Amino acid sequence: MRKMLVTGGAGFIGSNFVRHMRGAHPSDRVIVLDSLTYAGNLENLKGLEKDSGCLFIKGDICDQVLLDGIFDKEAVDTVVNFAAESHVDRSILGPRAFVETNVLGTLTLLECARKRWLSNAAKAKGNVFLHVSTDEVYGSLGPAGYFTEETPYQPNSPYAASKASSDHLVRAYFHTYGLPVVTTNCSNNYGPYQFPEKLIPLMIINALTGKPLPVYGDGLNVRDWLYVEDHCRAIDVVLEKGRLGETYNIGGRCEKRNIEIVNLVCATVDELLNADKTLAALYPLGKSRKELITFVKDRPGHDRRYAIDCGKIETELGWRALTAFDDGIRKTIKWYLSNEGWWKRVISGEYTKYYEVQYGNRANR
Ligand code: NAD
Ligand code: DAU
C-alpha cells in the first residue's frame with residue numbers, strides 16, 4: 001500500500017490521474033495537494049469526497065512547513081508532481097508565477113523528500129519521486145525527426161524554461177543525493193476536465209457558443225496528441241516499473257497540424273448537433289462551425305513542431321497509447337456537451353479577463 005502525494009491533483013491531468021489510481025490501485029492512499037489556482041477546481045474531483053482512500057489538502061507546493069507536516073503525518077512514500085503553471089500564453093503574459101511554482105515549488109518538494117527519505121536509508125526503500133514534465137523542454141523540431149530522451153534541452157517559452165529548470169533540479173537530486181526520482185516528458189494532452197485556455201477545449205467551447213475560433217499564425221504548427229487517460233496509464237507504469245534516475249518520453253505517435261484539429265472539432269460538433277435536435281436547439285448557429293475559424297496574430301516564439309519518440313517506454317515498460325485521435329476527440333466533445341455546467345462556471349469570472357487580454361487585440365492576420 002503506497003501513500004502517494006499527488007500535487008496539482010485538482011487540475012486537468014492530475015484529477016484524471018487521481019481517478020485512474022483510485023480505480024486501478026484502490027488500496028493505495030492518495031493525498032491531493034493543490035493550491036486551487038484559476039486552473040484548479042474541486043469539481044474535477046467530484047465523486048471522490050466520500051472516498052476514505054483519498055484526501056484533499058488545499059495548499060501550495062512552495063510552503064515548506066505545510067509539506068513537512070504532510071510528509072510526517074501521512075508518511076508519504078511516493079510523490080507525483082503535477083502542480084505547475086501550465087499555459088504557454090500565460091507564461092508570455094507573466095513569467096514570474098511560472099518560476100515560483102514550477103522551479104521553486106519543485107525545489108521545495110525535492111528538499112522535503114530529501115530530508116524525510118534520505119535521513120534513514122530504510123525509509124527510502126521503494127520510495128519514488130515522479131516529476132511530470134513536458135516535451136516542450138526540447139524546443140522546436142523542423143519537418144523531420146523526433147524528440148528522444150537524449151535530445152538536448154532548448155526551451156523556448158518562459159513556461160518551457162521553467163519546466164526545464166525543474167527537470168534539471170530533479171536530475172541533480174538523483175546524482176547528488178541519490179533521491180529516488182524519475183521524470184516523464186509528455187506531449188500535448190486532451191480530454192475531460194481540460195481548462196478552456198488550451199487549444200482543444202477552447203475550440204470546442206467557442207464552436208458550441210458560436211464565438212470565433214482563433215488559430216495562431218498559419219495554423220500549420222504541429223503537436224503530438226495524447227488522450228489524457230493514456231498519459232495517466234503511462235505514469236502508473238513508470239511508477240511501478242520505471243528505472244530510478246531515468247527519464248521517459250510519453251507521446252501519442254499522433255502528429256497533427258493545428259488547423260486539422262480545428263477542422264475536425266468543427267466537423268464533429270456539427271455532426272453531433274445535427275444528429276440531436278435537443279442539442280442543436282441548445283447551440284444554434286445556422287452555418288457550419290468551420291465558418292467561425294479566424295486566423296489571428298501568431299504566438300511570440302511559437303514552436304513549429306513537436307513529435308515524441310516514445311520507443312523507450314514502449315519497449316522497456318510495455319506501455320503504448322490506446323486511444324485513436326478521432327475517438328478521443330469525439331469522447332472529449334461528448335464530455336463537454338454533457339458537462340455544460342462545469343465549463344460555464346469555468347468561463348465566468350477570471351477567464352473573461354484573461355480572454356480579453358489574450359484575444360481582445362489579436363486582430364486578424
Ligand atoms: P493544469 O494547469 O490543468 O493544472 C495544474 C494544477 O496545479 C492546478 O490544479 C493548480 O491549482 C495546481 N497548482 C498550480 N500552482 C500550484 C502550487 N504552487 N501549489 C499547489 N498546486 C498548484 O495543468 P495540466 O495540464 O493538468 O498539467 C499538469 C502537469 O503536466 C504540469 O506539470 C504540466 O507541465 C505537465 N504537462 C502537461 C501537458 C498538457 O498537455 N496539459 C503535457 C505534458 C506535461
Ligand atoms: O507539449 C506539451 C505541452 O502542451 C504542455 O507542456 C503544456 O502544458 C500544454 O499547455 C501544451 O502546450 P501548447 O502550447 O502546445 O498547447 P496549447 O493548447 O496552448 O496550443 C496548442 C497549439 O495550438 C499551439 O501550436 C498553439 C495553438 N493555439 C493555441 C491556442 C490556445 C492556437 O492556434 N490558438 C489558440 O487559441
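Select Pro214 and ligand 2. A backbone N or O atom of Pro214 lies 2.8 Å from a nitrogen atom of the ligand, a polar contact (a pair of N or O atoms within 3.5 Å). This is a predicted model, where local features need pLDDT of at least 70, side-chain atom pairs count only at pLDDT 80 or more, and totals for chains, interfaces and linings use all residues. Residues are numbered from 1 along each chain as written, chains are lettered from A and ligands numbered from 1 in written order, and side-chain values use heavy atoms, without hydrogens and water.

Next, show the side chain of His302. One of its N or O atoms is 2.6 Å from an oxygen atom of ligand 2. Add Arg223: a side-chain N or O atom there is 2.8 Å from an oxygen atom of ligand 2. The protein covers 95% of the 690 Å² of accessible area that ligand 2 has on its own (Shrake-Rupley method, 1.4 Å probe).

Now select strand 8 (213–216). Strand 8 gives the most to the shell around ligand 2, three residues. Strands are DSSP runs of E, at least two residues; helices are runs of H or I, at least four; both are numbered from the N terminus.

Move to the open sheet. Its seven strands pair in parallel, in the order 3-2-1-4-5-6-10; pairing takes at least two DSSP bridges. Strand 3 (54–58) and strand 10 (247–250) each have a single partner, so one side of each lacks a neighbour in the sheet.

Finish between strand 4 (78–81) and strand 5 (128–134), joined by four bridges. There, Val80 stands opposite Leu130.

Methods: A polar contact is a pair of N or O atoms within 3.5 Å; within protein, one must be able to donate a hydrogen and the other to accept it, and residues adjacent in sequence count only if both atoms are side-chain atoms.
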